[in-house]
Structures are given as C-alpha cells and as structure tokens.
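Colleague: I would like a close look at one part of this model. Please take a single residue and work outwards from there.

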Amino acid sequence: MKLTATPIMQINYLGVNLFIKRDDLYPISGGGNKGRKAEYILAKCMEEGCNAVVTCGGAQSNHVRATAIRCKELGIECTIVIHDSEPNDFCGNLKLLQILGIKIVYCDMSEVAKVMDAEMAEHTRQGLKPFYIWGGGHCLEGTQAFYDAAFEAHAQSNLLFDYVFHASGTGATQAGLHLGFKKINSATQVIGISVARQNPRGLEAISNSILEFINANKLDTQLSADIVFDDQFIAGGYEKTNPEQLSVIRRAAEQTGIILDPTYTGKAWYGMQQYIKNGVVKPGSNVLFWHTGGLLNLMATKEI
C-alpha cells in the first residue's frame, strides 16, 4: 500500500522545539487521521472480497466521513449508522455524507449494535458481501496504520522525540503511535489527550488494542508499558468545550496558522500547552504534535 506522507512543520512554541505532523492534510476530502485508517481498513475489506461496508459514528464523525468517501472512490456500497437523531441542519461531516448520497440510518446509542447487524443482513439479502467496521476505525488495521505512521514521521524528521501529543478517542490511533514510537525509541513518551472518555475505560481500550497488535505481530510485550491517556481536558465530554480551549484555538490560528477544532485537536493542543506551562515538558524538548484533523468539526460548531 503506497500512501502519500503528510508533511511535518516546525515552530518555536513556549520554549520547546515543536514539530507538527500535518495529518489534517491527509489526501482525502476533509483530511485527518480517519482517512489514514480508512486506507488500511478498506484494503482489508477488499482483500476479503467484500463489496459493502457498515459502520457507525456520531453526527460529526470524521471516521464515517472518511470511510464513506473512500468507499465511493473504490465503488463499495456503504451504510452509515448515526447514533443521534436526524438534524434539521446538515453541516460539517454530515453535509458531506448527504452530498455523497450515502445511506444513513439514525438510532439511539443503545440501538447501534442491533441496527448495524440489521444493515449487514440487508446487504447480504441484496447479494452483497458486507464488511463490519467498528466506530472510529477501532480495529487491528487502524492500529497498523498509525504504527506505520510513526515510522513515517521518524524518517521525515530523523529525530528522537521526547514527547508526542495527540487527540485520543476510541484508541487505535494512540495504540499505533505508542507502539511505533516506543519501537523507535523507548524514551519517547506518547501522550493521548482524551476527547471524551474517562479512565479507566479509555486506558483499557488502548491497552487492549496494543496487546492485540503485539500478539498479532509477535512483538516484545515491554512495548505495552508506560501508556499515558490523560482525561483532564475533556471539558465536559464529546463535542463539548470551554472558554479556555476556544481561546487556545483562536491563538493558535492567529500565531501559527494552524487550524484546530473544539472536538478533537483543540483539546489536544490545550493539553499539550498545559504540560509545557506546568514544566512537565522541559524547555528545549523535542515535541511532536500529531494533528489529526477536524476542520469540518470546527465548521460545524457554533461556539467559535
């Protein structure tokens, strides 16, 4: 699988050497880490001879948007299950799903598994071979995508980073980055800033993905040590924010040209900034911020 490497840019920020991995520029409409995952997941889908996909997410899920676009490019049928009520105003990622002409099914969160199973059965009834994708692209292929991405970033920068910060959701992105950077340099600390989940649930999901990947690839179990999943900055939960984080988003744009969003990257950047200001990250440290995208989330929010 040949992927286009996303660029790394460097700025001096609060006394650290800050590098930014621009996965917001990943070559799929809307960019972001979910596009990178979709490449790997849908390659597996096609390898298994499947020609339809069923997956799920929230109304502004980057995962469902990236998956739907890639399915259209590959000629794969796609059904998206949204665990929310149908809105009156279609914006952001949901607007793109509407434009793509993707089948969308709305349901309560408690009904997601049942509805996804029903849609899988419907594709089968139509003579298709459907492929089931967990929400967020939380699977072995999703972890593999970011294990490989860590080596991509290392090859581009030729640096041993002291810290890697990123927005952490369902867990596969952090699992892959943790494993990849620990394989490159055991001293690198990957810090996932939670966008919604609290511990212990969030940490358990990442740990399980890491152990699954270690077992599948016969890697050293020591790579599962020192996982950091920080739930201090969730600001009330998924798609919620606060004035401090909104201020950081504005300042980052004004000072650096980097566009963040309130749902994902704004929380991660704010968390990173607190680590630097509190002295956990020392002046002169080599810090990588993995920009996972979120422009469409920003465009869909009314707080900023």
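Is R36 buried or exposed, and what is its relative accessible area?

Modeller: This is a predicted model, so read what follows in that light. R36 is buried, with a relative accessible area of 1%. The residue sits in helix α1, which runs over residues 33-47.

Start with the neighbours. Set aside those within four places in sequence. R36 then contacts T6, K21, D23, Y26, A145, F146, A149 and E152. H63 can be placed too: its C-alpha atom is 9.9 Å from that of R36, and the two are 27 residues apart along the chain.

Now the charges. Side chains of opposite charge can pair when their charged atoms come close. R36 and E152 do so in a salt bridge, 3.1 Å from N to O. The two residues come from distant parts of the chain: R36 belongs to α1 and E152 to helix α5, 116 residues apart. Both partners are buried. The pair is also part of something wider, a network of salt bridges that links K21, D23, R36 and E152. K21 and D23 are also among the contacts of R36. A search of the whole structure gives 11 salt bridges.

Next, α5 itself, the helix on the other side of that bridge. The helix covers residues 140-157. At 1.5 Å a residue, its 18 residues should span 26 Å, and the end C-alpha atoms are indeed 26 Å apart. Its buried residues are E141, G142, T143, A145, F146, Y147, A149, A150, E152, A153 and S157. Among these, A145, F146, A149 and E152 are in contact with R36. The cover over the buried residues of α5 includes α1, α6, α7, and the strands β1 (8-13), β2 (16-22) and β10 (286-291). After α5 comes N158, with a positive phi near 55°.

Back to α1, for a second charged pair. E39 forms a salt bridge with R70, the closest N and O atoms being 3.4 Å apart. R70 lies in helix α2 (residues 62-74) and E39 in α1, so this pair ties together parts that are 31 residues apart in sequence. E39 counts as buried at 18% relative accessibility, because the cut-off for buried is under 20%. R70 is listed among the buried residues of α2.

That leads to α2. Its 13 residues reach 18 Å from first C-alpha to last, close to the 18 Å expected at 1.5 Å a residue. The helix is mostly covered, with 10 of 13 residues buried. These are N62, H63, V64, R65, A66, T67, A68, I69, R70 and C71. They pack against α1, β3 (52-57), β4 (77-82), α3 (92-100) and α10.

Follow α5 the other way and you reach α7, which is part of the cover over α5. The reverse holds as well: the cover over the buried residues of α7 includes α5, along with β7 (163-168), α6 (172-184) and β9 (228-230). The 17 residues of α7 (residues 201-217) should span 24 Å at 1.5 Å a residue; the end C-alpha atoms are 25 Å apart, which agrees. G202, A205, I206, S209, I210, F213 and I214 are buried in α7. Seen down the axis, the buried residues of α7 fall within an arc of 165°, so they line one face of the helix. The face turned away from that side carries the exposed residues R201, N208 and N215. K218 follows α7, and its phi is positive, near 55°.

For contrast, take a salt bridge within one helix. E122 and R125 meet at 2.7 Å, N to O. Both lie in helix α4 (residues 112-125), 3 residues apart, about one turn of the helix. E122 is partly exposed, with a relative accessible area of 24%. R125 counts as exposed at 62% relative accessibility.

One surface feature rounds this off. I259, L295 and M299 form a nonpolar patch with about 300 Å² of accessible area together. M299 is found in helix α10 (residues 295-300) and counts as exposed at 59% relative accessibility. Helix α10 has appeared already, among the elements that the buried residues of α2 pack against.

Conventions
Residues numbered from 1 in each chain as written. Predicted model: local features only at pLDDT ≥ 70, side-chain atom pairs only at ≥ 80, totals over all residues. Heavy atoms only, no water. Helix = DSSP H or I, 4+ residues; strand = E, 2+ residues; numbered from the N terminus. Expected span 1.5 Å × (residues − 1). Buried < 20%, exposed > 50% of the residue type's maximum accessible area, 1.4 Å probe, protein only. Arc of directions from axis to C-beta. Contact = heavy atoms within 4.5 Å. Salt bridge = Lys/Arg side-chain N within 4 Å of Asp/Glu carboxyl O. Patch = residues over 30% accessible without salt bridge, like charges linked within 9 Å, V, L, I, M, F, W, Y side chains within 5 Å. Areas by Shrake-Rupley, 256 points an atom, 1.4 Å probe, with all protein chains shown as cover.
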